[in-house]
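Q: Please take a close look at a single part of this structure and explain, for a reader new to it, how that part is placed within the whole.

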Amino acid sequence: MCRVRRSLAIAVLHVTCRDGSKNESAGHGNIVALQRGVFQIISNTNPKLDRLAVGQILLNSLNTHVPTMKLDAPDVVQTSSYDEIDQLQIDAVRAHARRLGRPLSILEAGCGQRWTLDLSGVEYTLTGVDLDPVALELRKTKARDLDVAIIGDLCSVELPEASFDVVFSSFVLEHVPRADVALQNFVQWLRPGGLLILRLPERDTARGFLTRVVPHGVHVLFYRHVLGAKSAGQPGYAPYTTYYHPVIGRARLCRFLGERGVRCLCSFGDGFRREGRGVMRLIVRGVVKLTSALSFGRLSSDYSDLLYIAMKESQTENGRR
Ligand SMILES: C[S@@+](CC[C@H](N)C(=O)[O-])C[C@H]1O[C@@H](n2cnc3c(N)ncnc32)[C@H](O)[C@@H]1O
């Protein structure tokens, strides 16, 4: 039996659920415990309820005053679509902009070719850092949305301390051999009270495990022939080599950040949706399920990518940070 933690949300405030049990009442929707610490909010009748409930979780987390830092990883809440995950990131940045009441200074760490957040109506300046000059050039000439563009390594580039309200990094840390150094820099570059938004594949899932053991050349073939990305593997185009430093595993990541004054408020799972099409979709799903079964459930097949929303504490106990 597991109890949904009070800090999660109003939507799930009073819910106690058993692993594998279905349709426990949850106020705005229904909640299913997929496994220990992993929940999915569902509604058979009205998909809008899902968004309401998940959005509520996010906003409650952002607004909850937490006097003491917690180092535990928050439970994973499953979303019902990639659009929903995109929207949650946008909601978080908008809520932060409302709270501060001034233009935001945003760092996109490992910005690549494109910016995925539609922040229309929010005033902000955007700094992009990327190691790949080709990707950055495409970003500058096609998207043309960066106020500052820097070619550099997130582990060594020099940016002023405590200078960003939001540090956003999407599908980057798994490609950084010293992800711990990059993460430490994110913390340093973030202003007190600032928002850290990370999106990355979870290493301890069936898909994360397979990604680590399959050679990079096979990833390139998968992108080209299954996902249909013709330029895959060429300069400026994914897939990039993956390293999966242990610090990016869910529990370690939250502990690492927590010890440095940044608390993981919530994490959202993708519900494992990015699997190709047709027969390939069935094969990939089958391999992932089999891998999960062979690991006796240690490697989850319920999700592969996670969105983390974390916040740097405003002040330390002695008033400095
Ligand atoms: C999979 S792409 C993601 C790009 C973009 N964030 C997105 O979501 O579309 C990974 C990006 O991280 C960049 N990258 C990888 N290691 C890096 C490092 N050490 N420093 C800066 N950028 C890095 C790559 O050049 C690439 O543009």
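A: A residue is termed buried if 20 or more other C-beta atoms lie within 10 Å of its own, exposed if 12 or fewer do, and partly exposed in between, with C-beta atoms placed from the backbone. The model is a predicted one, in which local features need a pLDDT of at least 70 and side-chain atom pairs count only at pLDDT 80 or more, while totals for chains, interfaces and linings use all residues. Residues are numbered from 1 along each chain as its sequence is written.

The whole chain comes first. It contains eight helices and 13 strands; helices (H or I, at least four residues) and strands (E, at least two) are DSSP runs, numbered from the N terminus. Of its 321 residues, 39% are buried. Two residues are in contact if their C-beta atoms, placed from the backbone, lie within 7 Å. Among the contacts with a separation of 6 or more, 67% join residues that are 24 or more positions apart.

The part chosen here begins in the loop between α6 (216-226) and α7 (250-259), where proline 239 is found. Alanine 238 and proline 239 are joined by a cis peptide bond, with omega at about 5°. Proline 239 counts as partly exposed because it has 19 C-beta neighbours inside 10 Å. Leaving aside residues up to four places away in sequence, proline 239 touches His219, Val220, Tyr223, Ala232 and Gly233. One of these, valine 220, is 19 residues apart from proline 239 in sequence, yet the C-alpha atoms of the two are 6.2 Å apart in space.

Tyrosine 244 also lies in the loop between α6 and α7. Its phi is positive, about 55°, although it is not a glycine. Most residues other than glycine have a negative phi, and most peptide bonds are trans. Tyrosine 244 is buried because 22 C-beta neighbours lie inside 10 Å.

After this loop comes helix α7. Its buried residues are Arg250, Leu253, Cys254, Phe256 and Leu257. Seen down the axis of α7, these residues fall within an arc of 160°, so they line one face of the helix; the arc is that of the directions from the helix axis to the C-beta atoms. An α-helix has 3.6 residues a turn, so residues three or four places apart point the same way. On the other side of α7, Ala251 and Glu259 are exposed. The cover over the buried residues of α7 includes α4 (179-189), β12 and β13.

Glycine 261 follows α7 and has a positive phi, near 85°. Its place is in the loop between α7 and β12. Glycine 261 is partly exposed because 17 other C-beta atoms lie within 10 Å. Glycine 261 and methionine 311 are 50 residues apart along the chain, but their C-alpha atoms are separated by 8.4 Å.

Strand β12 (residues 262-269) has eight of its eight residues buried, so the rest of the structure largely encloses it. Two strands pair if DSSP finds at least two bridges between them. Strand β6 (residues 76-78) pairs with β12 in the parallel sense over three bridges, and glutamine 78 has glycine 269 in β12 as its bridge partner. Strand β13 (residues 305-312) pairs with β12 in the antiparallel sense over seven bridges. Glycine 269 stands opposite leucine 306 in β13. Glycine 269 is therefore a bridge partner of glutamine 78 and faces leucine 306 as well, within a strand that is largely enclosed by the rest of the structure.

Between α8 (278-294) and β13 there is a loop that holds phenylalanine 296. Phenylalanine 296 has a positive phi of about 55° although it is not a glycine. Phenylalanine 296 is exposed because just 7 other C-beta atoms lie within 10 Å, whereas tyrosine 244 is buried.

A word on confidence is needed as well. The pLDDT, the predictor's confidence in each residue on a scale from 0 to 100, averages 81 over the chain, and 74% of the residues score at least 70. Over residues 1-29 the pLDDT is below 50, and this stretch has 64 contacts in the model beyond near neighbours in sequence. Over residues 316-321 the pLDDT is also below 50, with six such contacts. Where pLDDT is low, the predicted coordinates should not be read in detail.
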